[in-house]
Amino acid sequence: MKLTSKTYSLENTDAAITFCLEKGWTDGLPVIPPTPEKVSHFLEYTNRSASEIVGHETVKGQPVSIEKIAINSVMAGCRPEYFPVVLTAIEAVLEPEFNLHGITASTMGAAVLTVITGPVVKILGLNGGISLFGPGHRANATIGRAIRLVLTNVTRARSGEIDKATMGHAGKYTWCITENSDENPWTSLGEDRGFSKDSNSLTVFAGLSPIQVSNHSSSDPNEILDSFRDAIFAAGSGQGELLIVLCPEHVHNISKSGWDKSEIRDYLYNASTRSNMAWAKGSNPPGGLPTGTASSPATLGPEGFTILVAGGTAGAFSNVIPLWSKGVGSQSVSRRINLS
């Protein structure tokens, strides 16, 4: 991506938007023209140099500068105060263990899911409640979109070029959420990742298409968590990580029985174990696991299940989000957000 004086001299907004579209600098939707004044305003929200290189795309070696992150944040429609969050997220996805090139070039079609925790959530107005993955919240929509635009424009992960996804999913446009802290009886994701309760942090995941799990018929933790078994099965065995997004209604019924996240992880790990024959065939044979047949769990250990509490309080609908984490796949990365 290279912006020129021609870009900035276009006085007509429609013409500027068309110019960006023609250059392939967008996700297919109109963008905010990144004038020097707008970009400079965003750069005021960090004390780091605009020319600083925060990292490189690991295979193509494309450098990612703070200025380019700011340009794409403007284009995505972010407010300037969102910029430190976008900057931190880009630093996270550039970590080697996230395997950015792998998740982008793979035909599996993973998207970057960013989960933000800490006081910054309320300051920026991030949504962790009703319609968690849906539209209507500027911070969620534009932070997630800015991350994707950086990948498109700076690392050149364009559809049909580096991006080779067979199908992909809507999270490739934008995918940024937070937890429903008001309904969470347990620790936050940030605390689970070693940050203090008052710290601002984020975690990036290489997420595949979410799978909705419904159970309105039971308040028993065992029966609720059994409902996740087939959704987990769709992810395959031997996963490094799986993301379980529990809605408040399910959380209320599980927590009132005295269960915590550790017990949920242990239960899901055991419940997701199936025969290797079943994994190979893509279905569980009648009668459960055959006697004497080797079996495997969905994850490498109970700690492979990351538990989030999020979504609206009405409705018993949770989600399993498979991650591109098997074998040499991607590992989630957590970082503290520096707001200055």
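**Exercise 1. Describe the surroundings of aspartate 163 in this predicted model.**

Step 1, place. Aspartate 163 sits in the loop between α8 (138–153) and β4 (176–178). Helices (H or I, at least four residues) and strands (E, at least two) are DSSP runs, numbered from the N terminus. Residues are numbered from 1 along each chain as its sequence is written, and side-chain values use heavy atoms, with hydrogens and water left out. As the model is predicted, local features need pLDDT of at least 70 and side-chain atom pairs count only at pLDDT 80 or more, while totals for chains, interfaces and linings use all residues.

Step 2, burial. With a relative accessible area of 8%, aspartate 163 is buried. Buried means under 20% relative accessible area, exposed over 50%, and partly exposed in between (1.4 Å probe, protein chains only).

Step 3, polar contacts. The side chain of aspartate 163 has a polar contact of 3.2 Å with the side chain of arginine 148, and one of 3.2 Å with the side chain of lysine 172. A polar contact is a pair of N or O atoms within 3.5 Å; within protein, one must be able to donate a hydrogen and the other to accept it, and residues adjacent in sequence count only if both atoms are side-chain atoms.

Step 4, contacts. Contact means heavy atoms within 4.5 Å. Neighbours within four places in sequence aside, aspartate 163 is in contact with Thr104, Arg148, Ala157, Arg158 and Lys172.

**Exercise 2. Do the same for serine 330.**

Step 1, place. Serine 330 belongs to the loop between β11 (317–322) and β12 (333–336).

Step 2, burial. Serine 330 is buried, because its relative accessible area is 4% and the limit for buried is under 20%.

Step 3, polar contact. At 2.6 Å, the side chain of serine 330 reaches the backbone oxygen of phenylalanine 98.

Step 4, contacts. Residues up to four places away in sequence are not counted; among those that serine 330 touches are Glu97, Phe98, Asn99, Ala206 and Trp324.

**Exercise 3. Describe the protein chain as a whole, and state why it counts as compact.**

Step 1, elements. The protein chain has 14 helices and 12 strands.

Step 2, compactness. Its radius of gyration is 21 Å, close to the 20 Å that the globule rule gives for 340 residues, so the chain is as compact as a globular protein of that length. The radius is taken over C-alpha atoms, and the rule is 2.2 Å times the number of residues to the power 0.38.

Step 3, burial. Of the 340 residues, 54% count as buried.

Step 4, contact range. Among contacts between residues at least 6 apart in sequence, 80% join residues at least 24 apart.
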